[in-house]
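Work through the exercises below with the structure in view, and try each task before reading its solution.

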Amino acid sequence: MSFDHTHLLGIEPLAAHDITTILDLADQYADRGRSAAKHGDALAGLTQINMFFESSTRTQASFELAGKRLGADVMSMAMQASSIKKGETLIDTAMTLNAMHPDLLVVRHPHSGAVDLLAEKVNCAVLNAGDGRHEHPTQALLDALTIRRAKGRLHRLNIAICGDIAHSRVARSNIILLGKMENRIRLIGPPTLMPAGIAEFGVEVYDDMKKGLEGVDVVMMLRLQRERMDGGFIPSEREYYHRYGLDAEKLAHAAPDAIVMHPGPMNRGVEIDGELADDLRRSVIQQQVEMGVAVRMAAMDLLARNLRARQTSKAVMA
Ligand code: NCD
């Protein structure tokens, strides 16, 4: 099992075999998570600090649980909105924490690139839990594991990512990951919510749900990220739901066994019909949450192995 990385800052730096390594280990953790013996000791003796400069429910809880299940000392800092000041403040906070010798630092920040910057300043493993509209690697990995378990493979699938692509780090990390694993990706949404230069990513772009969903194996819905919008991107929520909201009628254009995904938090009646989201024959939204814990356990386990190996080689050299 080789995973030659110090941090998990994005999907971009990962090779296809790194992705497979994480998913294979996560698969084992997912099976263990369903048994009575959930605990392991891969992170025993290590300190994990979660720094969320942006609110989060499932990601923060998931990282916390993952660390605890593997025996780490876990501390979650409540970073108030008032502490969000660019540059120096972030680095100062990081340096203060660094002085406490954490081994794993899990960071979410509203600015794209902030987590990469922080990783340069500290000497522990840094995991990106979402930075601006840049990347959210563990989300893409948990989505990949959910797809692989539901479809039996993670290549040559037709996958539609729908909605607010422009403001979504989830979309970005997924496009990169699913592309590396050789899937066909379609992006569906209003032109105002498509990022500029998207054609370079080797994806097909649609602004019509029914056409875009034709025959796809996976339908990934995204939330309208209003907190990142600085103007009127959509006419009204009603109109948006009518054109882009996923309901049974639009889903009927996808493959008969297509699965429905959503990273959460969901806005029922805006991007997705509530009943469809709860329909366990089609929706794998709860599995995504379950796989989240497993993927984060696997990612932290692999980074910790490298951390321990570096510490051992340092000790030998000294
Ligand atoms: C996503 C995020 O924060 O980027 N949520 C998550 O991590 N589960 C998506 C979103 O906020 O819409």
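**Exercise 1.** How do the residues of the shell around the ligand divide into nonpolar, polar and charged?

*Solution.* This is a predicted model, in which local features need pLDDT of at least 70 and side-chain atom pairs count only at pLDDT 80 or more, while totals for chains, interfaces and linings use all residues. Residues are numbered from 1 along each chain as its sequence is written, and side-chain values use heavy atoms, with hydrogens and water left out.

Begin with the shell, where a residue belongs if one of its heavy atoms lies within 4 Å of the ligand; among its members are Arg58, Thr59, His136, Arg169, Pro263, Gly264 and Pro265. Next, sort the shell by class, which gives three nonpolar, five polar and four charged residues, with Pro and Val counting as nonpolar, Arg as charged, and Gly, Thr, His and Gln as polar. Finally, locate the helices: helix 2 (58-69) and helix 6 (169-180) each supply at least two residues of this shell, a helix being a DSSP run of H or I with at least four residues, numbered from the N terminus.

**Exercise 2.** Find which polar atoms of Thr59, Arg169 and Pro263 face an atom of the ligand.

*Solution.* A polar contact is a pair of N or O atoms within 3.5 Å. In Thr59, a side-chain N or O atom is 3.0 Å from an oxygen atom of the ligand, and in Arg169 a polar side-chain atom lies 2.8 Å from a ligand oxygen. For Pro263 the polar atom belongs to the backbone, and it is 3.0 Å from a nitrogen atom of the ligand.

**Exercise 3.** Describe the peptide bond from Gly264 to Pro265, and say where Pro265 is placed.

*Solution.* The bond is cis, with omega near -10 degrees. Pro265 itself is in the loop between strand 9 (259-261) and helix 10 (274-278), a strand being a DSSP run of E with at least two residues.

**Exercise 4.** What is the sign of phi in Arg156?

*Solution.* Phi of Arg156 is positive, near 50 degrees, in a residue other than glycine. Arg156 lies in the loop between helix 5 (137-151) and strand 5 (158-162).

Technical notes: A polar contact is a pair of N or O atoms within 3.5 Å; within protein, one must be able to donate a hydrogen and the other to accept it, and residues adjacent in sequence count only if both atoms are side-chain atoms.
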